[in-house]
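Biologist: I have just opened this one and have not looked at it before. Could you walk me through it?
Modeller: Gladly, let me put it on the screen and we can take your questions as they come.

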Amino acid sequence: MSSATATVRGAVRSAPVPAGKTVLDPESQELLQALKGSGRAYDEACARLHELLLRAARFEVSRRRRGMNGGEADVIAMEAADDALLAVLRRLDDFRGLSKFTTWAYKFALYEAAVKLRRRAWQDRELPLEPEALGFFHSASPGPDDYVEVRERLGKIAAAMDDVLTPHQRRVLVALAVNGVPIDVLAERLSTTRGALYKTLHDARAKLRAHLEETS
Amino acid sequence: MNEPNSNELIGRLLGPAGPEIGCDACFEELDRYVELEAAGEDADAAVPGLSAHLEGCPACREEHESLLALVRDD
């Protein structure tokens, strides 16, 4: 790994940003300055920011609404924009000027909308967390290039999951990778965070890969 | 959910082979990464490990796709 990156518990940190790359565009500068101010200019900037966030939230909802009616979709978009506004205002000092301010703000609205949509899709469903769901392995549909070796590899992975993973790692891997439970939904049900859950998934995958390499 | 074929399932179980950042770091870097992509610059060199994370994390992948589409739409 180059000196520009550093290993962090099996992950990497991004390379340092070169000096001179943090000059804000005029629109970002103006909006940011008003949001850090007070009075009427602050109120107007908040309203402008909310408009931007609502646009982003509606964009996300329209892409992934999956049969939702228009009224419900708009409620989700509005709630996402409201939550994103609070998040952006709370984290203003974290904005580093490495992108346009609008792009930085958009990601909060997209995140809030996406999480709400995924949670809504799974709200009345029981989460398949148990290792019994591994029966699914044996019925995985053959792909166009599905050979005997591929099925054997799948069998080795299933055995390795029993041999090298902790019960928690196995439950998380089964839910996320086998059963397609969205990570935010699982994080909420397990009272943890998306970041912590992904770390569990990452470690489980690394264990499996290492075990397969050792035993191949 | 549609049943995956065996190759897809193996990919989801083993995840990306290279070093990757986590969900929190992905969120922190996503705006910069997307603007570099939209500008045709080498986003992967600027933010190592993010593309591997997108390969391994469907939720972050969805949000990346949406932010890139939104920025391109602007």
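Biologist: Into which domains is chain A divided?
Modeller: This is a predicted model, and in it chain A is divided into domain 1, covering 23–121, and domain 2, covering 131–215. Taken over C-alpha atoms, the centres of domain 1 and domain 2 of chain A are separated by 34 Å.

Biologist: And how many helices and strands are there in chain A?
Modeller: Chain A has eight helices and two strands, and from the N terminus on the order is β-β-α-α-α-α-α-α-α-α. Of its 216 residues, 31% count as buried.

Biologist: What about chain B, how many helices and strands there?
Modeller: Chain B has five helices and zero strands, so to speak a plain α-α-α-α-α when read along the sequence. Its C-alpha atoms fill a box of roughly 40 × 25 × 20 Å along the principal axes, and buried residues make up 49% of the 74 residues in the chain.Biologist: What share of the contacts joins residues far along the sequence, say at least 24 apart, in chain B?
Modeller: Among contacts in chain B between residues at least 6 apart in sequence, 66% join residues at least 24 apart. For chain A, residues 24 or more positions apart account for 69% of the contacts with a separation of 6 or more.

Biologist: Before I get attached to any detail, what mean pLDDT does chain A have?
Modeller: The mean pLDDT of chain A is 85, with 81% of its residues reaching 70 or more, and chain B averages 93, with 95% of the residues scoring at least 70. For the complex, the predictor gives an ipTM of 0.93 and a pTM of 0.86.

Biologist: Where in chain A does pLDDT stay under 50?
Modeller: Over residues 1–17 of chain A pLDDT stays under 50, although the model has 28 contacts beyond four places in sequence for them.

Biologist: OK, now the inside. Which residues have the most contacts in the largest nonpolar core?
Modeller: That core has 65 residues, and those with the most contacts inside it are Leu53(A), Ala57(A), Ala109(A), Ala113(A) and Leu173(A). Helix H4 of chain A, residues 101–121, gives the largest share of this core, twelve residues. Domain 1 (23–121) and domain 2 (131–215) of chain A both contribute residues to the core, so it lies between them.

Biologist: Is H4(A) itself enclosed or open, and why?
Modeller: H4(A) is largely enclosed by the rest of the structure, because 18 of its 21 residues are buried. Its length also agrees with expectation, since 21 residues at 1.5 Å a residue should span 30 Å and the end C-alpha atoms are 31 Å apart.

Biologist: Take Ala113(A), then. Which residues is it in contact with, leaving aside its neighbours within four places?
Modeller: Ala113(A) is in contact with Ala57(A), Glu60(A), Val61(A), Ile76(A), Ala77(A) and Ala80(A).

Biologist: And Ala81(A), is that one buried or exposed?
Modeller: Ala81(A) counts as buried, because it has 23 C-beta neighbours inside 10 Å and 20 are enough. Ala81(A) is found in helix H3 of chain A, residues 70–90, and, not counting residues up to four places away in sequence, Ala81(A) touches His50(A), Leu53(A), Leu54(A), Ala57(A) and Ala109(A). Its C-alpha atom is separated by 9.3 Å from that of Leu49(A), which is 32 residues apart from Ala81(A) along the chain.

Biologist: Switching to the interface, how many residues of chain A are in contact with chain B?
Modeller: 45 residues of chain A are in contact with 39 residues of chain B. Several elements of chain A each supply at least two residues of the side that touches chain B, among them strand E2 (11–12), helix H2 (39–64) and helix H5 (148–164), while the largest share, eight residues, comes from H8(A). The residues on that side of chain A divide into 23 nonpolar, nine polar and 13 charged.

Biologist: One last oddity, Ser191(A). What is its phi, and where is it?
Modeller: Ser191(A) has a positive phi of about 55° although it is not a glycine, and its place is in the loop between H7 and H8 of chain A. Ser191(A) is exposed, with 6 other C-beta atoms within 10 Å.

How values were computed: Residues numbered from 1 in each chain as written. Chains lettered and ligands numbered in written order. Predicted model: local features only at pLDDT ≥ 70, side-chain atom pairs only at ≥ 80, totals over all residues. Core = buried A, V, L, I, M, F, W, Y, C linked by C-beta atoms within 7 Å. Buried ≥ 20, exposed ≤ 12 C-beta atoms within 10 Å, placed from the backbone. Helix = DSSP H or I, 4+ residues; strand = E, 2+ residues; numbered from the N terminus. Domains from an automatic or database assignment. Contact = placed C-beta atoms within 7 Å. Nonpolar A, V, L, I, M, F, W, Y, C, P; charged D, E, K, R; others polar. pLDDT = per-residue confidence, 0-100. Expected span 1.5 Å × (residues − 1).
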